[in-house]
Amino acid sequence: MTPSSSTTADGALPVPGDHHDEHHHDHPSYLVDGTTVRSWLLTVDHKRIGLMYLVWILLFFLVGGIFAMAIRLEMLTPGPTIMDAMTYNRTFTLHGIIMIFLFMIPAIPAVFGNFVLPLMLGAKDVAFPKLNLASLYIYLAGAFLALWGMINGGLDTGWTFYAPYSTHTTTTVAPVLFGAFIIGFSSIATGLNFIVTVHTMRAPGITWFKMPLFVWAIYATSCIQVLATPVIGLLLVIVTGERIFGFGLFDPARGGDPVLFQHLFWFYSHPAVYIMVLPAFGVMSEIVATYSRKNVFGYRAVAYSSLGIAFVGFFVWGHHMFVSGQSTFDAGMFGVLTMLVGVFTAIKVFNWVGTVYKGAVDFKTPFAYFCGFLFFTVFGGMTGIAVAAVSLDVHWHDTYFVVAHFHFIMVGATIMAFLAAIHYWFPKMFGRTYHEGWGLVSAALIILGFNATFIPQFLLGNYGMPRRYFEYPERYQALNVASTAGASLLAFGFVIIAIYLTYALFYGKVSGQNPWRSKGYEWLSASPPPTHNFVGPQPTYPEEPHLYVDPKKAEVPDAA
Amino acid sequence: MQPSAHTAGTAPVPRLAAHFASLEVQNHAARLGMWLFLSTEVLLFAGVFVLYAVNRYLFPQAYVEASKLLDLTLGTVNTVVLITSSLTAALAVHYAKEGQNRKVAIMFALTLLMAVGFLVIKAFEYQHKFHEGLLPGHHYFGSVQLAGMPNYFAVYFLATGLHAFHVCVGMGVLTWLMIRAIRTPNLGPNNYTAVELGSMYWHLVDLVWIFLYPLLYLV
């Protein structure tokens with residue numbers, strides 16, 4: 001710490017910039033309210049914490065993306081292309097671990113949940129601000145431990161750490177496992193904080209059924225985080241114990257049961273899929289209302305279906321083990337229960353489409369992502385129903401079909417929502433707008449690139465190409481080349497976004513409080529908001545969220 | 001609870017954080033947060049119980065034989081010690097509500113004493129197991145050679161070790177509360193949430209043991 005920053009904290013000798021702000025604007029925005037490094041690193045402001053999460057999560061997304069490109073380059077030719085087989089095993093493992101534990105699970109809840117959830121509830125902060133800050137540092141501690149393990153050897157188990165291989169491989173398993181274990185605490189802390197915030201911090205007038213749908217989605221997500229994460233925590237402890245003490249609990253050679261590992265693993269890791277995708281659904285419920293200028297069709301149905309997915313999500317884990325020696329009866333049960341998730345998701349999809357119907361659609365970048373999202377959710381969801389059918393899954397299990405399926409529903413939907421959220425809330429976070437033309441161009445590139453990457457993989461899987469294989473027969477090459485080309489397009493789209501958003505951060509047009517004329521509660525405060533979110537008395541909330549009276553006439557969005 | 005946050009006549013009031021509407025809401029939030037945290041602990045140990053159930057189903061004979069090798073007397077004494085420590089922890093909350101800070105500190109001191117007693121007895125049990133070779137996995141060299149014995153002791157050490165770790169964490173929390181009750185004796189009818197939450201955690205640690213004891217010792 002510099003001497004000047006420590007005196008600022010004591011309030012004795014503020015730096016000149018701060019002093020100036022204090023006097024001329026009573027309530028400076030959260031971005032300039034304290035400009036020292038210390039005021040950022042030790043902040044308890046949910047908005048600053050959300051922003052710091054954003055920086056780190058984007059960094060890890062970049063690392064995971066580089067691994068993804070490495071995988072696609074390796075798959076360009078049937079034989080070895082740019083790396084050897086062992087490096088390839090490590091590459092896809094690290095791609096999975098980084099993208100799942102470091103990017104997708106915290107992406108929307110920790111960044112946008114942190115930033116807008118208290119604003120949406122009319123609260124000054126989350127219930128436990130210090131715990132919120134702690135969750136960031138716990139996340140970073142776990143992330144860096146995992147990265148350290150990856151740099152010092154890396155592991156080749158796949159992100160699923162299946163025993164008994166993970167208890168026997170000589171690669172660096174323990175630090176990465178322990179890193180994931182630590183990140184679990186961060187996830188629990190965030191979820192717990194949001195649940196308590198929703199229960200206790202709602203402003204007067206915001207009843208349960210006047211909460212914005214994003215809040216409902218985050219609430220459902222938080223319930224999963226709190227209830228499922230401890231189980232994988234225990235499992236990671238046991239696997240570490242296996243490696244150190246040789247428990248043999250999952251080792252069939254010593255009477256252990258490897259399928260038990262899979263049960264415990266998927267009891268967390270399947271609900272974890274909904275930790276990734278439910279917040280995406282929440283973001284899209286906000287965006288579809290704002291850009292269709294219409295109240296969400298079937299508000300309660302959308303809210304309840306979030307809870308429904310969270311609940312049913314706990315009873316479907318067995319569909320990962322159709323070929324692991326599970327009984328036929330169990331497999332059938334898990335298959336049927338899995339299809340219930342499809343029912344709840346379909347309820348949402350129909351309601352979103354019903355919202356757009358007869359709305360006054362304002363086709364901005366977030367809405368473009370909504371369109372992509374709808375496609376990925378429907379297509380990914382339908383293939384999900386297909387793989388939930390036991391007879392079909394026996395053919396598709398562990399092929400590229402499954403890889404393409406979960407990239408569509410889990411990654412496609414989440415990435416669409418993450419990008420839509422960045423664009424939608426960019427003015428809220430920074431008070432500036434991005435360049436709409438480039439936004440639409442890159443959205444088109446990303447949606448096309450994503451399809452071009454994964455549609456060939458559906459076909460590859462259906463032709464029988466197994467996932468995680470280093471080499472493949474000649475006849476699969478054309479589709480693999482197509483997939484790699486698609487991935488390059490995708491990467492190009494992300495580069496464009498990075499450039500114009502960075503530009504907008506510094507030179508973007510100043511946006512004003514509510515550039516989208518959204519009716520969302522979070523836009524009731526200034527953009528960017530002051531440190532305690534609201535100046536003066538708390539706003540009152542007489543209307544439902546997303547209440548647009550007459551989409552066509554009364555509130556035509558400005559043409560600019 | 002009395003909503004007398006502003007009158008503050010006899011009992012001092014804890015600090016109200018700026019982002020909460022009232023002290024009542026703040027306490028509600030803290031309590032809800034603690035319950036949620038306890039639910040994560042329950043799920044953590046639920047995993048242990050699943051592990052136990054599956055393995056006992058796989059090795060019914062070994063689980064009976066192995067459990068006979070545990071010291072039932074020490075296990076029972078430990079159970080009594082831990083349940084009694086929960087009583088003193090509950091009494092600490094009672095005295096905190098009445099504002100008797102000295103008694104709160106004494107009750108926590110008694111709880112901590114019993115916690116140490118529990119850990120010492122547990123350590124003797126562990127030491128005995130080490131000598132007999134009743135160890136997890138391939139370290140096992142006990143006299144009874146039966147498929148599933150190493151498996152039982154893997155579960156045994158995992159479950160009791162995880163529990164002992166929670167005892168240590170709980171002791172840390174209670175020590176902090178005890179020192180607080182001595183240094184700033186301002187507990188009272190409006191200011192006992194921290195004591196209550198610490199005590200709740202201790203009850204959970206106790207409750208887990210109440211499940212572990214019959215599962216491991218009384219097969």
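How much area is buried between chain A and chain B, and what share of it do carbon and sulfur atoms give? Keep that question in mind while you open the structure, which is a predicted model, and begin with both chains on display. The area buried between chain A and chain B comes to about 2600 Å², and carbon and sulfur atoms give 80% of it.

**First stop: the interface**

Select the places where the two chains touch, and you should find 30 residues of chain A in contact with 32 residues of chain B. On the side of chain A, pick out Leu234(A), Phe247(A) and Leu249(A), which together supply 22% of the area that chain A buries against chain B, more than any other three residues. For the complex as a whole, the predictor gives an ipTM of 0.90 and a pTM of 0.92.

**Second stop: colouring by confidence**

Next, colour both chains by pLDDT. Chain A averages a pLDDT of 90, with 93% of its residues scoring at least 70, and chain B averages a pLDDT of 90, with 94% of its residues scoring at least 70. Which elements of chain A have the lowest and the highest mean pLDDT? Among the elements of chain A, helix H1(A), residues 3-10, has the lowest mean, 36, whereas helix H16(A), residues 436-462, has the highest, 97.

Now select residues 1-24 of chain A, where pLDDT stays under 50 and the model has 21 contacts beyond four places in sequence. In residues 556-560 of chain A, pLDDT also stays under 50, and there the model has five contacts beyond four places in sequence. On chain B, the stretch to select is residues 1-11, over which pLDDT stays under 50 and for which the model has 12 such contacts beyond four places in sequence. Where pLDDT is low, the predicted coordinates should not be read in detail.

**Third stop: chain B and a pair of its helices**

Hide chain A for a moment and look at chain B alone, whose secondary structure comes to six helices and zero strands. The C-alpha trace of chain B spans about 70 × 30 × 25 Å along its principal axes.

Select helix H1(B), residues 23-58, together with helix H5(B), residues 149-183, which pack at an angle of about 165° with their axes 10 Å apart. That angle makes H1(B) roughly antiparallel to H5(B), and the crossing of these two helices is left-handed. To see where H1(B) and H5(B) meet, show side chains including Phe45(B), Val48(B) and Leu51(B) on H1(B), and Leu158(B), Leu162(B) and His166(B) among those on H5(B). The residues of this contact divide into nine nonpolar, four polar and one charged.

**Fourth stop: helix H5 of chain A and two of its partners**

Bring chain A back and select helix H4(A), residues 46-74, with helix H5(A), residues 85-120. How do the axes of H4(A) and H5(A) lie with respect to each other, in distance and angle? Their axes come within 8 Å and cross at roughly 155°, and the two helices are therefore roughly antiparallel to each other. H4(A) passes H5(A) in a left-handed crossing, and by class the contact has 25 nonpolar, seven polar and two charged residues.

Keep H5(A) selected and add helix H15(A), residues 400-430, which packs with H5(A) at an angle of about 35°, with the axes 11 Å apart. H5(A) passes H15(A) in a left-handed crossing, and the residues of their contact divide into 22 nonpolar, three polar and one charged.

**Last stop: details of the backbone**

Finally, zoom in on single residues of chain A, and start with the peptide bond from Ala163(A) to Pro164(A), which is cis with omega near 0°. Pro164(A) is found in the loop between helix H6(A), residues 129-151, and helix H7(A), residues 165-168. The peptide bond from Ser527(A) to Pro528(A) is cis as well, with omega near -10°, and Pro528(A) lies in the segment after strand S2(A), residues 509-510.

Where along chain A should you look for Arg293(A)? Arg293(A) is found in the loop between helix H10(A), residues 258-292, and helix H11(A), residues 299-312. Check its backbone in the viewer, for phi of Arg293(A) is near 55°, a positive value in a residue other than glycine.

How values were computed: Residues are numbered from 1 along each chain as its sequence is written. Chains are lettered from A and ligands numbered from 1 in the order in which they are written. Side-chain values use heavy atoms; hydrogens and water are left out. Axes are lines fitted to C-alpha atoms, for helices over the stretch in contact, and angles run from 0 to 180 degrees between N-to-C directions. Helices (H or I, at least four residues) and strands (E, at least two) are DSSP runs, numbered from the N terminus. Angles under 35 degrees count as roughly parallel, over 145 as roughly antiparallel, 65 to 115 as roughly perpendicular and the rest as oblique. A crossing is left-handed if the near helix is turned anticlockwise from the far one by less than a right angle, and right-handed if clockwise. Contact means heavy atoms within 4.5 Å. Ala, Val, Leu, Ile, Met, Phe, Trp, Tyr, Cys and Pro count as nonpolar, Asp, Glu, Lys and Arg as charged, and the others, Gly among them, as polar. pLDDT is the predictor's confidence in each residue, from 0 to 100. Buried area is the accessible area (1.4 Å probe) that two parts lose on being put together, summed over both.
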